[in-house]
Amino acid sequence: MKTANNNHIIVNYHYIEDPSPEWGGIHPCPTAEFEKQIKYLAENYKIVSVDEVYFAAKKKKNGHFAAISFDDGLKDQYANALPILEKYGATAIFFPITSTFDGNVPGTHKLHILLSKFSAQLLIDRFNKEEIGFAPIPTDKRMTNERQLYSDIPTVNLKETLLSIPPHVKDSFLDKTFKALGLDEKKIAKELFMSEEEIKSLKAKGFAIGSHTHGHYSLSSLDEKSIKEEIRTSKKILGELLGEFPTAFTYPHGIRNEKMTLYLENEGFKIGFSIEARPVMATDDPFFIPRLDTNDLMLNEPFKNDTIKHAQ
Ligand SMILES: [Zn+2]
């Protein structure tokens, strides 16, 4: 029940599609559930831009403001979510990963693809056999209670390990595995991610576009120079594509380095978003604004403010 007289939220989405039985480790929002959520938001909130939600919270405005965001620039957001957003007249912001425009599949998504086709255990066995010098990945105990609350233990631990090892080791493990298992990166990138033309058309339809970096690396794993490059390259590509530089930013995996605000401000960004699952509050840092995940809003039973799962 929405007991407070103000309640301002941002809901974040990734895959919008009906899950296939093999789609292990990934929790797409089914298209029908997405429509239910947008309808719910449209009926119970004023759907506005992310900036407006932040200012509504900051000024403790009365009412219920909601914004909708999409990370990763996935093709199914264009194919499945866009028609529903248009049907309900809901605005939204999209955060594509600019390296995907050139046929790159970021490590995160290589892992998603691998998990959709092979078991987490098979991938863990490959890792434990090949990446000598790194601690073997355990499968009996969760390595984190902060992220991936909806995944099983092998999947969580595989993802956590890949987040914690040096990016070049992760890239090389995923590249080797991708090739060894016969997957075609360029072809998959085309199928999985929106093209530059689709991003441009979103902008032309009045949707906002922000930056989610160039290569989607966990920013805590990179040195200062590489972090700045990740921000700058993405900003430049989106600026050239859209005729204006992005001012909103989302951190890959919700992870930031303590100097991030400075780097982002230096590149002209005004606002940044985390994946901490709670409503926006007046005291929130404009460069680390929380967002609910679609899974926090599942509407099998009516959404209640007090049932929001907080990230621990
Ligand atoms: Zn992402």
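## Exercises on helix α2, the domains and their enclosed spaces

The buried residues of α2 are covered by elements that include β1 (6-13), β3, β4 (93-96) and β7 (271-273). The model is predicted, with local features requiring pLDDT of at least 70 and side-chain atom pairs counted only at pLDDT 80 or more, whereas totals for chains, interfaces and linings use all residues. Residues are numbered from 1 along each chain as its sequence is written, and side-chain values use heavy atoms, with hydrogens and water left out.

**Exercise 1.** Identify the buried residues of α2, and establish how they are placed around the axis.

*Solution.* Helices (H or I, at least four residues) and strands (E, at least two) are DSSP runs numbered from the N terminus. Buried means under 20% relative accessible area, exposed over 50%, and partly exposed in between (1.4 Å probe, protein chains only). By that criterion, V50, V53, Y54, A56 and A57 are the buried residues of α2. These residues lie on the same side of α2 because they cover an arc of only 160° around the axis, the arc being that of the directions from the helix axis to the C-beta atoms. After α2 comes K60, which has a positive phi, near 50°.

**Exercise 2.** Describe the second largest pocket by its volume and by its lining.

*Solution.* On a 1 Å grid over the protein atoms alone, a pocket is an open set of points with protein on both sides within 12 Å along at least five of seven lines, a cavity is a set where a 1.4 Å probe fits but cannot get out, and lining residues have an atom within 4 Å of a point. Grid points are joined across faces, edges and corners, and a volume is the space filled by probe spheres set on the points. The volume of the second largest pocket is about 270 Å³. Its lining comprises 22 residues, with I93, F207, A208, I209 and T247 nearest the centre. At least two lining residues come from each of α2 (50-58), β3 (63-72), β5 (208-209) and α10 (224-242). By class, 14 are nonpolar, 5 polar and 3 charged, where Ala, Val, Leu, Ile, Met, Phe, Trp, Tyr, Cys and Pro count as nonpolar, Asp, Glu, Lys and Arg as charged, and the others, Gly among them, as polar.

**Exercise 3.** Relate the largest cavity to the two domains.

*Solution.* The domain assignment, automatic or from a database, gives domain 1 (6-103 + 195-307) and domain 2 (119-180). Their C-alpha centres lie 26 Å apart, while 11 residues of domain 1 are in contact (heavy atoms within 4.5 Å) with 9 residues of domain 2. The largest cavity, with a volume of about 40 Å³, is lined by L162, L163, I165, P167, K170, Y217, S218 and S221. The elements giving two or more residues to this lining are α6 (153-164) and α7 (167-180). Each of the two domains provides at least three residues of the lining.

**Exercise 4.** Characterise the surroundings of S99 and of H109.

*Solution.* S99 sits in the loop between β4 and α4 (107-117), and its relative accessible area of 7% makes S99 buried. Neighbours within four places in sequence aside, S99 is in contact with N104, H214 and G215. H109, in helix α4, is buried at 0% relative accessibility. With neighbours within four places in sequence again left aside, H109 is in contact with Y15, D72, L74, I97, L192, F193 and H216.
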